Structure formats: C-alpha cells, structure tokens
Amino acid sequence: MRILFVVVTFLSFFTLSANIKGRIVDSNTNEEIIGASVYLKNQKTKGTVSGLDGSFLINHKPEEPVTIVIGYIGYKTKEIVTSDASSLVVKLEPDEIAISEVVIIADNGGRTDRSARSIEKTAVSVVNVVSAKAMEISPDMTVGSVISRVSGVTIERNNSGEGQYALLRGMDKRFNYTLVNGVKIPGPDNKNRFVPLDIFPSDLLDRLEVTKALTADMEADGIGGSVNMVMKDAPVKKQFTINLSTGYNTRFFNNDYKSFDYGSSDNKSPNEKYGDGYPVQMKDFSSSPLKVKSQQAMPNLNGGMTWGGRVFNNRLGIMLAGSYSNSVRGNTSDIYDISMNTDGTQSMTNRVFYNNQIRSGAHAKLDYNIAPGHKIVWYNAYMDFRTAQIREAFTEKTETIRMRWNHQTIFNSTLK
C-alpha cells in the first residue's frame, strides 16, 4: 500500500510538470490581467482563463510546438508558439483606438405611455401628455374628446355634444391657444380666432401636450395655457397600420333618418357671382337643399390609415396618414312654455334632431437629414369637418323645421 502511494505521487508530479502554465500581465504596468482567455489555436476545447494573480494552467503535454492564443477586451490578441512546459510570462499590449466623440441617438416621441410620463417628469412647467397608445385604446375619435380626459381641463361642447373648445384651469377659451407641431395656426371661424378641436382626428397624433402654466416663451394669449398637437413622425422602421370600426344608432332601428341635399348649396351669392348690379331673382336660388327626404340611416363608419418609413440610407423620412369618420345621430327633447294657456294647461314643444357629421383629415410629413445637426422638415395637413342638422319642432298647433349646414376646413403647411 505504501509503495502504490509513492508511484501515484510520482506520476502526478510528472503530469503537472508537463502542463502549459504561465502568467499574463499588462505590458506597460506589469499588472496582472484577470479573466483573459487562453486556448490552443488548433484545439479550442483545450483552454482556460487567467486567475486573480493572472496565472493560467492548461492540462496538455506539448509533444511538439503548439500555438497559444491569449486575448482580452481592450488588448491586442497575442499568439505564442512554444514547446516548453515551464512557466510563461505573457505581456499584452493595450489596443488603443482614437475616438473623437460618441453620439447616442434615441427616439422618445411620446408614442407610448412610458415616454409620455417621461416627458411630463422632465418638463420645466406643468404639462400633461396623452400618448398615441392611450388614444388607440380609447373610444375617442377627435382631439376634443381626448383632451376631456386630462385633469384640470373643461370642455365646451358643440351642438351635437362633442368636445369643441378646451378651457384650461377654468380660464375662458380666449386665454388659450392651439399649436400644431409647436406652430400656431389660425382658426376657421370668421369672428373668433379659436381653433375647434373637434375638427382634428385623433388618429393623426403622436401625442397631445397640454401646458397649464404660463412661461416666458409663450405668447400673451397663453395665460390659461396651450394645447400642442404633435402629429405623427416617420418611424425608424417601416410602419403600415389600418384601423376600421363601425356601429349603428339604435334610435334608427324603428325610425327613419331625415336629411337634405346640402351638397347642392351654393357657396356664393348672386352678387358675388355676377356683381353688385345684378338683379337678383328667385330662379338664382336652388330649392334642392330645402327638400327633406326620409330614408334608412346608414351605419356609422370610422377608419384610418398610416404609412411611414425612411429611405435613402435613412436620410429621407416619409409619413402619410389619413382619417375618415361618418356618424349619424338623433335625439329628442321637450320644451315646456313658462306661461300658461287660457284653459290652465301648459303648452309644450317637442323637438326631434337629426345630425350627420363627416370628418376627414390628411397628413403628410417629409424630413431630410442633410448632415449631422442639419435637417429640413416639410409638414402638410388638411382637415375637413362637415355638419348637417335637421330640427323638427311640434306644438299643438304648429310644425316648424330648421336645416343647418356647417363646413369648416383647415390647411396648414410648415417648412422649417
């Protein structure tokens, strides 16, 4: 038993003496390099890493010269040909690369809720941001409906009940202004400069920014705040999306829908067409818009399309988007007269409303990267909003009808 122990110890000593071992240090400072990879060039399965003192050991008996490869991040890879099993001292030289600067580019446009909260956190004033993702999962079709979900915002609604103007922090709409991509736009009204928010489809927005504090860079009419609609921008990767929805108003299951031919309305008066001296006659006015027709209501339709991407080595960005909405609504209301009749009864007027809203929008944005830090952006948008309404009023003795047609358009082109 004692003789066997001596033989085993001798064989182990002989095997260790035949292994390849060494130490890896920095060529400039002679400091040990920890974690450097060491392996045989033709036998990558035979390898190891340097320890805390820079030493390594490969269990291999070099019967002939072998090539050892030593590599580490930040150092030049080195190859050594050796047949000596004794300790090696390998000095690695730093792999120096001259870099003038490192530019990191990231996209944080506010399309997701996470990026929207990040914009709110880093803003210098009180800002609320509604992301495109939040608009997608909500039933809101217009910006006026979207902004009603922002805290501290009150909505002034139109005749059909949709949000039209935003009142920030209780301030009247004349103390707020509306921006598109940070640029102020005029309103379509002939009396006021207010921009109605129900004319903008929410499908065209990347995010909606509501600023509730007056800062030095804002205009004087921004005492209450501002609403900035950031339109969709070209994504880094190609994107194509389509959304489509439909529905039907239950009121028209058992009732007809009444409409009139508003398309035949003349936008110009006879004096505008023929001059001030023209003798105006009844034949100059068409009676087609005054004819009411009853028919089965069509289903409501809402749709949108977006295509975007970058071409020419990502230098030219293109974003095209369109939106269309056609909705039919109806409601009734009763109005009681304050005065009493001679027989002691109270008169009542029953009103029936038929509303049709058609909203469409087109959006095109091009941006070209000329050089780092230099870009040309051309933005174009067209918004079209049409509202047709018929109101029938019934009393015990009379029956009246009113037809209303409203058409608003906004076209905005910005080059910067």
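**Exercise 1. Which lysine lies over the face of Tyr165, and at what distance from the ring centre?**

Solution. The residue is Lys173, at 5.4 Å from the ring centre of Tyr165. The criterion: a charge sits over a ring if NZ of Lys or CZ of Arg is within 6 Å of the ring centre and within 35 degrees of the ring normal. Another such case is Lys184, which lies over the face of Tyr177 at 5.3 Å.

Some ground rules follow. This is a predicted model: local features need pLDDT of at least 70, side-chain atom pairs count only at pLDDT 80 or more, and totals for chains, interfaces and linings use all residues. Residues are numbered from 1 along each chain as its sequence is written, and side-chain values use heavy atoms, with hydrogens and water left out.

**Exercise 2. Find the confidence of the model, and a stretch where it is low.**

Solution. Start with the scale: pLDDT is the predictor's confidence in each residue, from 0 to 100. The protein chain has a mean pLDDT of 84. Of its residues, 92% reach 70 or more. Now look at residues 1–17: pLDDT stays under 50 there. For this stretch the model has two contacts beyond four places in sequence. Contact means heavy atoms within 4.5 Å.

**Exercise 3. Trace the three-strand sheet.**

Solution. Strands (E, at least two residues) and helices (H or I, at least four) are DSSP runs, numbered from the N terminus. Two strands pair if DSSP finds at least two bridges between them.

- Order: β4-β1-β7, an open sheet with mixed pairing.
- Edges: β4 (55–58) and β7 (88–92) each have a single partner strand, so one side of each lacks a neighbour in the sheet.
- Twist: 30° on average from one strand to the next. Axes are lines fitted to C-alpha atoms, for helices over the stretch in contact, and angles run from 0 to 180 degrees between N-to-C directions.
- Bridges: β1 (residues 20–26) pairs with β4 in the antiparallel sense over four bridges. Lys21 has Leu57 in β4 as its bridge partner.

**Exercise 4. Do the same for the six-strand sheet.**

Solution. The order is β15-β18-β19-β20-β21-β22, open and antiparallel. At the edges stand β15 (239–247) and β22 (399–415), each paired on one side only. Neighbouring strands are turned by 10° against each other on average, direction ignored. Take β19 (residues 316–340) and β20 (residues 346–371): 22 bridges join them. In β20, Tyr368 is the bridge partner of Leu316.

**Exercise 5. Follow the aromatic pairs around Tyr262.**

Solution. The structure holds seven aromatic pairs. Rings of Phe, Tyr and Trp (its six-membered ring) pair if their centres lie within 6.5 Å; planes under 30 degrees apart are stacked, over 60 edge-to-face, the rest tilted.

1. Phe260 and Tyr262 are edge-to-face, 6.0 Å centre to centre with 80° between the planes.
2. Tyr262 and Trp405 are stacked, at 4.2 Å and 15°.
3. Tyr262 lies in the loop between β16 (257–260) and α5 (270–274), and Trp405 in strand β22, so the pair ties together parts 143 residues apart in sequence.
4. Both Phe260 and Tyr262 are buried. Trp405 is partly exposed, at 29% relative accessibility. Buried means under 20% relative accessible area, exposed over 50%, partly exposed in between (1.4 Å probe, protein chains only).

**Exercise 6. Describe the surroundings of Phe385.**

Solution. Phe385 is in strand β21 (residues 374–394). Its relative accessible area is 3%, so Phe385 is buried. Leaving aside neighbours within four places in sequence, its contacts include Asp198, Ile199, Gln357 and His407. The C-alpha atoms of Phe385 and Ile410 are separated by 8.9 Å.
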